[in-house]
Amino acid sequence: MRITYGVDTVPMNPEMQDLIDRFRTGRVPMLQFMKSMIEIKERAGVPSVEPELGKAVVAGRARHTEGRDLMAILLGAYGFETIVVDRDSSIENIISICNDPDVSVLCISIQTTYDIPDLLLAHRLMIEDGIRDRIVYNAGGVAVSEEVAKAAGCDVYGSTAVDSVEAVKEWVLRKNRS
């Protein structure tokens, strides 16, 4: 199967696509999915990065790494070069990484409502640094609803990690066309 967003994209590894489809429908648990994706990527050798997508910065708040790592794996499968931020990094450090002109995406994963202010701060800091217009911003995790994502200034929201990554890729490709 080929994932297409209105422009030519690199075909996804069929084994990865099948695994994503099974994960999306709940037939593969998250940790098994992540382990299997890493194994497929290692067997395939060089990952198929689509340079026109840019880099995706992926962060988790507090000690929440499962969502961060899941997003990094999925973004890599969909053609993004990913930068996984250390789990104890401040929002300020995360945004400083986004100042790299090749970064086009920021995904933050949170688990608790205590971390929602960090989503708002990330948005404000991107505006202050003058990078907000080039960054596709996404937040997810247990504590993030569509309303929370919208209030935090996110461009895209998906109720699942797969939906989020597909929306992020579509948004980036749409921005690149305009």
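These are my notebook entries on what I looked up in this structure, which is a predicted model.

**Entry 1: the whole chain**

I began with the secondary structure and counted seven helices and four strands in the protein chain. Reading from the N terminus, I wrote the order down as α-α-β-α-β-α-β-α-β-α-α. The radius of gyration came out at 15 Å, close to the 16 Å that the globule rule gives for 178 residues, so the chain is as compact as a globular protein of that length. I also noted the box around the C-alpha atoms, roughly 40 × 35 × 25 Å along the principal axes.

How much of the chain is buried? I got 49% of the 178 residues. For the surface, I have about 8700 Å² exposed, with carbon and sulfur atoms supplying 53% of it.

Next I looked at how far along the sequence the contacts reach. Taking contacts between residues at least 6 apart in sequence, I found that 69% join residues at least 24 apart. On charge, I noted 20 positive and 27 negative side chains. The centres of those two sets lie 2 Å apart.

**Entry 2: Glu-15 and Phe-23, both in α1**

I picked two residues from the helix that spans residues 14–24. Glu-15 is found in α1, and so is Phe-23.

Is Glu-15 buried or partly exposed? I have it as partly exposed, at 41% relative accessible area. Setting aside residues up to four places away in sequence, Glu-15 touches Ile-40 and Arg-43. With Arg-43 there is a polar contact between the two side chains, at 2.5 Å. Ile-40 is 25 residues from Glu-15 in sequence, and their C-alpha atoms are 7.4 Å apart.

Phe-23 is buried, because its relative accessibility is 15% and the cut-off is under 20%. I listed what Phe-23 touches beyond four places in sequence: Val-28, Pro-29, Met-30, Phe-33, Leu-70 and Val-162. I also checked Phe-23 against Cys-107, and their C-alpha atoms are 20 Å apart, with their positions 84 residues apart in sequence.

**Entry 3: Arg-61, in a loop**

Where does Arg-61 sit? I found it in the loop between β1 (55–60) and α3 (66–77). Arg-61 counts as buried, because a relative accessible area of 10% falls under the 20% cut-off.

Which side chain makes a polar contact with the side chain of Arg-61? The partner I found is Asp-118, at 2.9 Å. Leaving aside neighbours within four places in sequence, the contacts of Arg-61 include the serines Ser-89, Ser-90 and Ser-109. Ile-91, Ile-94, Ile-108 and Ile-110 are also among them. Asp-115 and Asp-118 are on that list too.

**Entry 4: Ser-104, in a strand**

I moved to β3, which covers residues 103–109 and holds Ser-104. Ser-104 is buried, at 12% relative accessibility. What does the side chain of Ser-104 reach at 2.5 Å? I traced that to the backbone oxygen of Leu-53.

Leu-53 turns up again in the contacts of Ser-104 beyond four places in sequence, along with Gly-54 and Lys-55. Arg-134, Ile-135 and Val-136 are there as well. Phe-80 and Val-172 complete my list for Ser-104.

**Entry 5: Arg-124, in α5**

Arg-124 is in α5, residues 116–128. I have Arg-124 down as partly exposed, at 43% relative accessibility. Its side chain makes a polar contact of 2.5 Å with the side chain of Glu-128. I then checked Arg-124 against Ile-95: they are 29 residues apart in sequence, and their C-alpha atoms are 10.0 Å apart.

**Entry 6: Ala-152, in another loop**

My last stop was Ala-152, in the loop between α6 (146–151) and α7 (161–177). Is Ala-152 buried or exposed? I got a relative accessible area of 1%, so Ala-152 is buried.

Which residues are in contact with Ala-152, leaving aside neighbours within four places in sequence? I wrote down Leu-119, Leu-120, His-123 and Tyr-137. I also looked up the distance from Ala-152 to Asp-115, and their C-alpha atoms are separated by 11 Å, with the two residues 37 apart along the chain. Asp-115 was already in my notes as a contact of Arg-61.

How values were computed
Residues numbered from 1 in each chain as written. Predicted model: local features only at pLDDT ≥ 70, side-chain atom pairs only at ≥ 80, totals over all residues. Heavy atoms only, no water. Rg over C-alpha atoms; globule rule 2.2 N^0.38 Å. Buried < 20%, exposed > 50% of the residue type's maximum accessible area, 1.4 Å probe, protein only. Contact = heavy atoms within 4.5 Å. Areas by Shrake-Rupley, 256 points an atom, 1.4 Å probe, with all protein chains shown as cover. Lys, Arg positive; Asp, Glu negative; His and termini not counted. Charge placed at Lys NZ, Arg CZ, Asp CG, Glu CD. Polar contact = N/O pair within 3.5 Å; in protein donor to acceptor, adjacent residues only side chain to side chain.
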